[in-house]
Amino acid sequence: MQRVSARPGKMQRILYRYPPQAQIVEKIQALSLGNICMVDGSWTSTNQFTGIGWVWKDSMGKIQLMGTRNLRRRETSLHSELEALRCAMESMLQHSTCQRFETDCKDLIAMITDPQAWPNFSTELDVIQIL
């Protein structure tokens, strides 16, 4: 930083000249998720109902179809997430060729990856495997 006097006289204005900033170069990157179906479930222990939903987006990120359901509350939030996946898979079989699904539930991902580690969900996982 360099100090520069602007005008001589009784009132003097002090200006500071900063060295030029490094240029910031931004590269725009387009994220293409491809043909994907995003699923989610909503659950609370105090509500009587569970909400599930899914959104199918094409390779340009444009919504093609979506669905929601209001169901009687499931045993746990994980049951709701699994129900949302099952519903989305059935809908994709009817309406598209989409075979990629996305969730924010890491336990659901672990369950699909290693179903034997989740014996309490074996019935539900058998349905998913068939789809």
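Author: In this predicted model, a residue is called buried when its relative accessible area is under 20%, and partly exposed when the value lies between that cut-off and 50%.

Reader: What makes glutamate 83 buried or exposed by that cut-off?

Author: The relative accessible area of glutamate 83 is 14%, and since buried means under 20%, glutamate 83 is classed as buried.

Reader: Why is arginine 74, the salt-bridge partner of glutamate 83, given its class of accessibility?

Author: Arginine 74 has 24% relative accessibility and therefore counts as partly exposed, because the class in between begins where buried, under 20%, ends.

Reader: How do you know that glutamate 83 and arginine 74 form a salt bridge?

Author: The closest N and O atoms of the two residues are 3.8 Å apart, and a side-chain nitrogen of Arg within 4 Å of a carboxyl oxygen of Glu is what the term requires, so the pair qualifies as a salt bridge.

Reader: What makes the pair of arginine 86 and glutamate 83 a salt bridge, and how are the two residues placed in helix α1?

Author: Their side chains meet at 2.4 Å, N to O, which satisfies the limit of 4 Å. The two residues are three residues apart in helix α1, so about one helical turn separates them. Arginine 86 itself counts as buried, because its relative accessibility is 19% and the cut-off is under 20%.

Reader: Why is the pair of arginine 86 and glutamate 90 called both a polar contact and a salt bridge?

Author: The side chains of arginine 86 and glutamate 90 make a polar contact at 2.7 Å, a value that fits the requirement of N or O atoms within 3.5 Å. The closest N and O atoms, 2.7 Å apart, also give a salt bridge, for which the limit is 4 Å. Being four residues apart in helix α1, these two are again separated by about one helical turn, and glutamate 90, at 28% relative accessibility, counts as partly exposed.

Reader: What makes these salt bridges one network?

Author: They share partners, and in this way Arg74, Glu83, Arg86 and Glu90 are joined; a search of the whole structure finds three salt bridges.

Reader: Which residues does arginine 86 touch farther along the sequence?

Author: Not counting residues up to four places away in sequence, arginine 86 touches Arg69, Val127, Ile128 and Leu131.

Reader: Why are β5 and β6 said to stand at the edges of the sheet?

Author: The four strands form an open sheet in the order β5-β4-β3-β6, with mixed pairing. Strands β5 (63–72) and β6 (101–102) each have a single partner strand, so one side of each is left without a neighbour in the sheet. Helix α1 (residues 77–95) packs on this sheet, touching β3 (36–42), β4, β5 and β6, and its direction makes about 40 degrees with that of β4.

Reader: How do you know that β4 and β5 pair, and in which sense?

Author: Strand β4 (residues 49–57) and β5 are joined over nine bridges in the antiparallel sense, and pairing needs at least two bridges, so the condition is met. Within this pairing, tryptophan 56 stands opposite leucine 65 in β5.

Reader: Which residues of the largest nonpolar core touch the most other members, and which element gives the most to this core?

Author: Of its 21 residues, Cys37, Val39, Trp54, Leu82, Leu108 and Met111 touch the most other members. Two or more residues come from each of β3, β4, α1, α2 (106–113) and α3 (122–130), and α1 gives the most, with eight residues.

Key
Residues are numbered from 1 along each chain as its sequence is written. This is a predicted model: local features need pLDDT of at least 70, side-chain atom pairs count only at pLDDT 80 or more; totals for chains, interfaces and linings use all residues. Side-chain values use heavy atoms; hydrogens and water are left out. Contact means heavy atoms within 4.5 Å. Axes are lines fitted to C-alpha atoms, for helices over the stretch in contact, and angles run from 0 to 180 degrees between N-to-C directions. A polar contact is a pair of N or O atoms within 3.5 Å; within protein, one must be able to donate a hydrogen and the other to accept it, and residues adjacent in sequence count only if both atoms are side-chain atoms. A nonpolar core is a set of buried Ala, Val, Leu, Ile, Met, Phe, Trp, Tyr and Cys residues joined through side-chain atoms within 4.5 Å. Buried means under 20% relative accessible area, exposed over 50%, partly exposed in between (1.4 Å probe, protein chains only).
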